[in-house]
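Here are a few short exercises to work through with the model open beside you. Try each task yourself before reading its solution.

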Amino acid sequence: MMFLPTYPFKRVVSTIVAQNGLRRVKSFTGCGCRRYATAINVRNTDGFNKIADQIKRSENIVVVCGAGISTPSGLPDFRSEGTGLYDNIEDYELTTPTDVFDLRFFNHNPRPFFRLAKSLYPGNFAPNKVHYFLKLLSVKDKLRRIYTQNIDTLEAIAGVPDKEIIFAHGSFHTATCMNCSAKYKADDIKDEIMNEQIPLCRIDGCQINLAF
């Protein structure tokens, strides 16, 4: 992947679109102003060329992304048949799949979340071409911000600077005590999560669940 910054934009975009089965790609430029938002059909070579050319001309790119960019790395999403959380709800002892991310449910029973965290934890998966493409945008000084729903931190592992990433749902970078707000790095509690133990705050007299 060290050669990725030298790849032609058209080749990178074509690879990403082919890999993820995208049919339409939205490119947002100009600090989020609506008049700069365009949708380009990428079903043919002309579409690839148009989006590559637009990326070349753009100087303020904002990326909004979710689970789909990490599934090529092997991470499950919610709805993929066979591997998604919806198809494996019994493995996590849930009534509904979304309970695993519900704070009230977490306070009552944090075990399903940490069981899921074990399967998604940093070190289990590597960034793919999409994540490295985001790094390429950063290297080219075109990327202004990534707003990601993912907690896997693969954007950061790929080399995108932390200052350019907004983790909308938190991330595995740090865990926080829900009582005293003490911070813990992912490596600090990795052994507990890998052993399917509930990580607790280590401050004397606290011992409350940690949350990412």
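Two strands count as paired if DSSP finds at least two bridges between them. Keep in mind that this is a predicted model.

**Exercise 1. Find the strands that pair with β6 and say in which sense they run.**

Start with β8, residues 210–211: this strand pairs with β6 in the antiparallel sense over two bridges. The cut-off is at least two bridges, so the pair qualifies. To see one residue pair here, look at Thr176, which stands opposite Ala211 in β8.

Next, take β7, residues 183–185. It also pairs with β6 in the antiparallel sense, over three bridges. Here Ala175 has Tyr184 of β7 as its bridge partner.

Finally, look at the link between β6 and β7: this hairpin has five residues between the strands, and Ser181 takes a positive phi near 70°.

**Exercise 2. Work out the strand order of the open three-stranded sheet and name its edge strands.**

The order is β3-β4-β5, with parallel pairing. The edges are β3 (61–65) and β5, since each of them pairs on one side only. On average, neighbouring strands in this sheet are turned by 15° against each other, ignoring direction.

Now zoom in on β3 and β4 (residues 143–148): they share five bridges in the parallel sense. As an example, Ile61 has Leu143 in β4 as its bridge partner.

**Exercise 3. Is helix α5 largely enclosed or not, and why?**

First, place the helix: α5 covers residues 129–139 and lies across β3 and β4, running at about 150° to β4.

Then count: eight of its eleven residues are buried, so α5 is largely enclosed by the rest of the structure. Among the buried ones are His131, Tyr132, Phe133 and Leu137.

Last, check both ends. At the start of α5, a side-chain oxygen of Asn128 comes within 2.8 Å of the backbone nitrogen of Val130. After the helix comes Asp141, with a positive phi near 60°.

**Exercise 4. Is His169 buried or exposed?**

Locate it first: His169 sits in the loop between β5 (165–167) and β6 (174–177). Its relative accessibility is 52%, so His169 counts as exposed. The cut-off for that label is over 50%.

What does His169 touch, leaving aside neighbours within four places in sequence? Its contacts are Thr148, Gln149 and Ile151.

One extra note comes from the record: an unreviewed UniProt entry has an "active site" annotation that covers His169.

Methods
Residues are numbered from 1 along each chain as its sequence is written. This is a predicted model: local features need pLDDT of at least 70, side-chain atom pairs count only at pLDDT 80 or more; totals for chains, interfaces and linings use all residues. Side-chain values use heavy atoms; hydrogens and water are left out. UniProt positions are given in the numbering used here, feature names are shortened, and annotations may be inferred rather than shown by experiment. Helices (H or I, at least four residues) and strands (E, at least two) are DSSP runs, numbered from the N terminus. Buried means under 20% relative accessible area, exposed over 50%, partly exposed in between (1.4 Å probe, protein chains only). Contact means heavy atoms within 4.5 Å. Axes are lines fitted to C-alpha atoms, for helices over the stretch in contact, and angles run from 0 to 180 degrees between N-to-C directions. A polar contact is a pair of N or O atoms within 3.5 Å; within protein, one must be able to donate a hydrogen and the other to accept it, and residues adjacent in sequence count only if both atoms are side-chain atoms.
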